[in-house]
Amino acid sequence: QGHPEESGGGLVQPGGSLNLSCVASGNMFSIFPMAWYRQNPGSQRELVASILPGGTTTYADSVKGRFAISRDNDKKMVWLQMTNLRPEDTAVYYCQTDLNYGSEWYPWGQGTQVIVSS
């Protein structure tokens with residue numbers, strides 16, 4: 001099983017927006033709860049947003065109202081639309097199955113770096 005391919009990160013000013021994309025593989029994608037995680041060096045990985053196969057979403061309190069997660073089961077893709085970005089959103093963002101429902105299914109990918117700075 002290949003790891004998800006994350007993309008869309010970059011350098012953005014506070015208040016700006018980014019749209020992260022994740023392409024997964026395999027035939028099981030459509031039944032997995034999927035999630036975006038983020039992590040900074042020396043810190044624990046943090047669950048940012050999760051989406052169930054049917055589309056129900058949950059968010060960390062720190063991103064509610066600013067981030068939106070979506071998915072397309074046919075394309076095996078997950079997106080994270082991020083708006084009103086803050087310096088504390090700076091991290092490497094990863095796509096993975098939602099670990100609240102079991103162990104990770106995919107190998108962890110390289111992630112995509114988001115830097116929010118003026």
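This report walks through a four-stranded sheet, one residue in it, and the main nonpolar core of a predicted model.

## The open sheet

Let's start with the strand order. The open sheet is built from 4 strands arranged S1-S3-S8-S7, and their pairing is antiparallel. Strands S1 (5-7) and S7 (67-72) sit at the edges; each has a single partner strand, so one side of each lacks a neighbour in the sheet. From one strand to the next, the twist averages 15°.

At the S1 edge, the antiparallel pairing with strand S3 (residues 18-23) runs over 3 bridges. Ser7 has its bridge partner in S3, namely Ser21.

## A closer look at Ser21

Is Ser21, a residue of strand S3, buried or exposed? Ser21 is buried, because its relative accessible area of 16% falls under the 20% cut-off.

Leaving aside residues up to four places away in sequence, Ser21 touches Glu5, Glu6 and Ser7, and also Trp36, Met77, Val78 and Trp79.

## The largest nonpolar core

The largest nonpolar core holds 26 residues, and those touching the most other members are Met34, Trp36, Phe67, Val78, Leu80, Met82 and Tyr93. Which elements give two or more residues to this core? They are S3, S4 (34-39), S5 (46-51), S7, S8 (77-82), S9 (91-97) and S10 (112-116).

Met34 makes a good example from this group. Beyond residues up to four places away in sequence, its contacts include Phe29, Ala49, Ile51, Ile69, Val78, Cys95 and Tyr106. Met34 also touches Ser50, Arg71, Gln96, Thr97 and Asp98.

Notes:
Residues are numbered from 1 along each chain as its sequence is written. This is a predicted model: local features need pLDDT of at least 70, side-chain atom pairs count only at pLDDT 80 or more; totals for chains, interfaces and linings use all residues. Side-chain values use heavy atoms; hydrogens and water are left out. Two strands pair if DSSP finds at least two bridges between them. Axes are lines fitted to C-alpha atoms, for helices over the stretch in contact, and angles run from 0 to 180 degrees between N-to-C directions. A nonpolar core is a set of buried Ala, Val, Leu, Ile, Met, Phe, Trp, Tyr and Cys residues joined through side-chain atoms within 4.5 Å. Buried means under 20% relative accessible area, exposed over 50%, partly exposed in between (1.4 Å probe, protein chains only). Contact means heavy atoms within 4.5 Å.
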